[in-house]
Amino acid sequence: MSITLDHQLREQIPREGKVFPVSYFYEELATLINRISPLHWHPDFEIATAMSGVLDFQVGRQHIKLEAGDSIFVNKNILHRIKQVSGNDSDPMPNIVFSGEVIATENSAIYKKYIYPIEYCNTLPFIVFKGQNGWHGAVNDSAKNIYRQMQERGLCYEMAVQRELNRIFELIFSNFESLPKFEATRININAQIRLQKMLSYIYKHYSEIVTLEDIAGAANISCSEAGRCFNAYMGCSPVNALIQYRLQIACRMLGDETLTLQEISDCCGFHSVNYFSRQFKQVYGYTPGRIRFLGK
């Protein structure tokens with residue numbers, strides 16, 4: 001299942017239903033060319049595990065190296081993306097995206113005492129759990145049990161998942177004071193908000209003619225400030241980020257063989273097949289026609 005984003009580039013998560021707000025993903029990287037996801041966020045927690053290759057897990061402006069057996073917890077509404085940087089085959093990277101309400105309702109004493117302190121800690125955008133030692137190992141074991149339960153969906157699997165999530169939050173809360181914290185300055189918070197606004201504009205208007213001024217205007221900042229913001233988080237200019245997103249959309253559309261390359265080019269805002277093909281080959285190493293032929 002590919003990553004689907006809404007108009008604010010927040011990930012749209014297929015749910016089991018409001019009564020069980022947990023979603024399980026597997027082999028997501030295999031659906032992405034170059035095994036890299038878009039930069040995105042969602043109003044839920046996420047736990048992901050590297051199974052075989054090495055993953056570069058970007059959270060905000062930080063890049064975290066996850067080796068096989070490591071897991072990561074990403075807090076709510078935090079910009080993040082994943083890239084596989086080693087391994088011949090795509091890493092299965094099982095992960096779950098879930099609401100804290102699977103543990104307890106927001107107005108409950110349990111949520112207020114144990115979930116809120118983690119959820120609203122501006123200095124805790126993520127937690128990395130390394131290997132099988134100590135309480136990190138216990139978290140990794142619980143994460144793997146959740147993946148298995150979500151995949152098998154046996155009798156009472158929802159209760160088993162809830163039990164393991166309770167255990168994970170218990171371990172995080174119990175070790176809260178010793179967790180590495182990261183300074184959350186007003187400048188960093190404002191920069192993320194600005195980037196979210198500009199990414200939202202790109203996603204909504206990618207099929208149209210979009211200028212640098214348009215992108216910067218979405219956050220009410222200058223073009224030079226927009227450039228600094230994109231370079232800090234994405235290592236590219238706003239216009240290059242627009243092109244990258246258009247190409248990601250084009251990759252998905254190539255799977256529909258009823259669409260011509262001209263139609264895909266127009267839908268993705270290129271309006272020139274030759275320019276579209278050049279940009280595509282520069283990023284992915286193949287022309288769009290070749291990618292379609294290879295079935296990648």
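**Exercise 1. Surface and charge**

Task: State how much area the chain exposes and what share of it carbon and sulfur atoms supply.

Solution. In this predicted model, the chain exposes about 14300 Å². Carbon and sulfur atoms supply 50% of that area. Turning to charge, the chain carries 30 positive and 30 negative side chains. The centres of these two sets lie 4 Å apart.

**Exercise 2. Overall build**

Task: Explain why the chain is judged as compact as a globular protein of its length.

Solution. Begin with the secondary structure, which comprises ten helices and eight strands. The radius of gyration is 20 Å, and the globule rule gives 19 Å for 296 residues; these values are close, so the chain is as compact as a globular protein of that length. Along the principal axes, the C-alpha atoms fill a box of roughly 55 × 45 × 35 Å. Of the 296 residues, 49% count as buried, that is, under 20% relative accessible area. Finally, consider contacts between residues at least 6 apart in sequence: 70% of them join residues at least 24 apart.

**Exercise 3. Strand β3 and its partners**

Task: Determine which residue stands opposite Asp56 in β4 and which is its bridge partner in β6.

Solution. Strand β3 spans residues 55-59, and four of its five residues are buried. Five bridges join β3 to β4 (residues 62-66), and the two strands run antiparallel. In β4, Lys65 stands opposite Asp56. The hairpin of β3 and β4 has two residues between the strands, and Gly60 there adopts a positive phi near 60 degrees. β3 also pairs with β6 (residues 80-84), in the antiparallel sense, over five bridges. In β6, Lys83 is the bridge partner of Asp56.

Key: Residues are numbered from 1 along each chain as its sequence is written. This is a predicted model: local features need pLDDT of at least 70, side-chain atom pairs count only at pLDDT 80 or more; totals for chains, interfaces and linings use all residues. Side-chain values use heavy atoms; hydrogens and water are left out. Buried means under 20% relative accessible area, exposed over 50%, partly exposed in between (1.4 Å probe, protein chains only). Two strands pair if DSSP finds at least two bridges between them. The radius of gyration is taken over C-alpha atoms; the globule rule is 2.2 Å times the number of residues to the power 0.38. Contact means heavy atoms within 4.5 Å. Accessible areas come from the Shrake-Rupley method with a 1.4 Å probe; for residues, only the protein chains shown count as cover. Lys and Arg count as positive and Asp and Glu as negative; His and the chain ends are not counted. The place of a charge is taken as NZ of Lys, CZ of Arg, CG of Asp or CD of Glu.
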